[in-house]
Amino acid sequence: MKQHETLPLVPIARGAGAWLYDFDGNRYLDAVSSWWVNLFGHANARINAALHDQLDTLDHVMLAGFTHRPVVELSERLAALAPAGLGHAFYGSDGASATEIALKMSFHYWRNRGFPDKRGFVSLTGSYHGETLGALAVTDVAIFRDTYAPLLNTNALVPCPDPRRGIGIEEAAAALDAHLGRHHATTAALIVEPLVQGASGMVMYDPEYLTLARAITAAHGVHLIADEIMTGFGRTGTLFAWEQAGAPAPDFLCLSKGITGGYLPLSCVLTTDEVYAAFYDDDVARGFLHSHSYTGNPLACRAALAVLDIFRDDDVVAANRERAQRWSAILTPVATHSRVRDFRQRGMIFAWEVDTMRDDFPRWCFSRALEAELLLRPIGRTLYLMPPYIVTDDEMSLLANRLRMILDDA
Ligand SMILES: *Cc1c(COP(=O)(O)O)cnc(C)c1O
């Protein structure tokens, strides 16, 4: 709040498409999809229509002892779209709860199966899985973690492949294999952000790592949790990033962010028959007890169904593949700018490092971008674009031109 004395909050009055409008008539192109959640623009007519209809039908009902149409339909459709074998859905209200659910469910699975010592987790260097205590314990981003470290369980870190730091796929996989070789008896699961680590600065790695990690975890009897909270719903070029690995499904798939097109908080953890069966028991304590008041909220589920309709009706994944190519061409003048290092792209995510002497780069850039009618949120010196999929080529050109101006001043 102290910093906002010099950099006031931007009060937003309304949104339309890729644009946000403030009360003074200024507009901002939402180049980061409002923290990676918006897929099809603000005030999307189709999502709005579905929500209007749902409002007049059923606002909310508890999901204990009751069920409702949107949650049943969403569960069936997600199971059909996800990597094969993930036929069971558990709902939460945000990404961090999805992480908590997957961690708890993995631990509880092993406990029910007679392996109570399997309670450790492994994550990758630079991982981000949310900021509640369990999720933060598998997160490796110092700014979020360090203050609360005394409250967190200790978990293991293994290297994330990163071509920029010379960490190859084979080397990272060998480190995972060596770690699990020693600690599989006390390890419940490995948790990964498939293909792109978002919050630590858009680290992009090859799908081959996921294939190897799947084989290694399976060989050591350790679960694999794929945190697709950011990468899911078309962001990396396929509906789910995991598809690019061509490997058997993970044991848990965590979804949130884009699931409702950026409209309402919702998360979902998909899992297998094998995991489900471990909880199927007369004894309630062996069941998975994890409750949130708004679990499976009908409005949020209905928004998610509208999002899936758009994916189907507009063949969004195929359209995005072409869009990504066109955008990549439009962004060439940015990629080749003299201040740009390590320009990289995965599907609908573009990222690069800015070679600048400014210590205050993130704040300076955010503020400079507002003047240029852009919403940008650098992570350190990493600048990235994660636009809604409905951005037009003209809007992308405007973005590219303004980015060049900002880079000139950086
Ligand atoms: C955003 C994010 C989360 C946390 O989601 P919240 O809804 O912010 O709690 C977890 N994992 C990944 C990969 C994310 O990008």
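Here is a short briefing on how this chain is folded. It describes a predicted model, so keep that in mind as you look around. The chain has 410 residues, arranged with 14 helices and 16 strands. Its radius of gyration is 21 Å, close to the 22 Å that the globule rule gives for 410 residues, so the chain is as compact as a globular protein of that length.

**The chain as a whole**

- If you drew a box around the C-alpha atoms along the principal axes, that box would be roughly 60 × 55 × 45 Å.
- Buried residues make up 54% of the chain.
- Take the contacts with a separation of 6 or more: 72% of them link residues that sit 24 or more positions apart.
- The chain's accessible surface comes to about 17,900 Å², and carbon and sulfur atoms account for 53% of that surface.
- The chain carries 35 positive and 48 negative charges, and the mean positions of the two sets are 3 Å apart.

**Strand 12 and its partners**

- Strand 12 covers residues 267-271, and five of its five residues are buried.
- Which residues point which way from strand 12? Ser267, Val269 and Thr271 point one way, while Cys268 and Leu270 point the other way.
- Strand 4 (residues 88-92) pairs with strand 12 in the antiparallel sense, over five bridges.
- One spot to find in that pairing is Ala89, whose bridge partner in strand 12 is Leu270.
- Strand 11 (residues 252-255) is also antiparallel to strand 12, and four bridges join the two.
- Here you can look for Phe252, which stands opposite Thr271 of strand 12.

**Strand 7 and its partners**

- Strand 7 runs over residues 187-192, and it is mostly covered, with six of its six residues buried.
- Strand 5 (residues 120-124) runs parallel to strand 7 and is joined to it by four bridges.
- Strand 10 (residues 223-227) also pairs with strand 7 in the parallel sense, again over four bridges.
- Leu190 is a handy residue to follow here: it is the bridge partner of Val122 in strand 7, and its own bridge partner in strand 10 is Leu224.

**Two residues with a positive phi**

- Some background first: most residues other than glycine have a negative phi.
- Asp342 is not a glycine, yet its phi is positive, at about 50°.
- You'll find Asp342 in strand 13 (residues 340-346), and it is partly exposed, with a relative accessible area of 43%.
- Glu373 is not a glycine either, and its phi is positive too, at about 65°.
- Glu373 lies in the loop between helix 13 (361-371) and strand 15 (374-375).
- With a relative accessible area of 23%, Glu373 counts as partly exposed, because the partly exposed range starts at 20%.

**Helix 9 and the loop after it**

- Ala277 belongs to helix 9 (residues 273-278), and its relative accessibility of 39% makes it partly exposed.
- How far apart are Ala277 and Gly287 in space? Their C-alpha atoms are 10.0 Å apart, and in sequence the two are 10 residues apart.
- Ser291 is in the loop between helix 9 and helix 10 (298-313).
- Is Ser291 buried or exposed? Its relative accessibility is 70%, and exposed means over 50%, so Ser291 counts as exposed.
- Ser291 and Gly92 are 199 residues apart along the chain, but just 8.3 Å separates their C-alpha atoms.

**Arg145 in helix 6**

- Arg145 has its place in helix 6, which covers residues 142-145.
- Why does Arg145 count as buried? Its relative accessible area is 19%, and buried means under 20%, so Arg145 falls on the buried side of the cut-off.
- Setting aside neighbours within four places in sequence, Arg145 is in contact with Leu136, Ala137, Val138, Thr139 and Leu152.
- Arg145 and Ala16 are 129 residues apart along the chain, and their C-alpha atoms are separated by 35 Å.

Note on methods
Residues numbered from 1 in each chain as written. Predicted model: local features only at pLDDT ≥ 70, side-chain atom pairs only at ≥ 80, totals over all residues. Heavy atoms only, no water. Rg over C-alpha atoms; globule rule 2.2 N^0.38 Å. Buried < 20%, exposed > 50% of the residue type's maximum accessible area, 1.4 Å probe, protein only. Contact = heavy atoms within 4.5 Å. Areas by Shrake-Rupley, 256 points an atom, 1.4 Å probe, with all protein chains shown as cover. Lys, Arg positive; Asp, Glu negative; His and termini not counted. Charge placed at Lys NZ, Arg CZ, Asp CG, Glu CD. Pairing = 2+ DSSP bridges.
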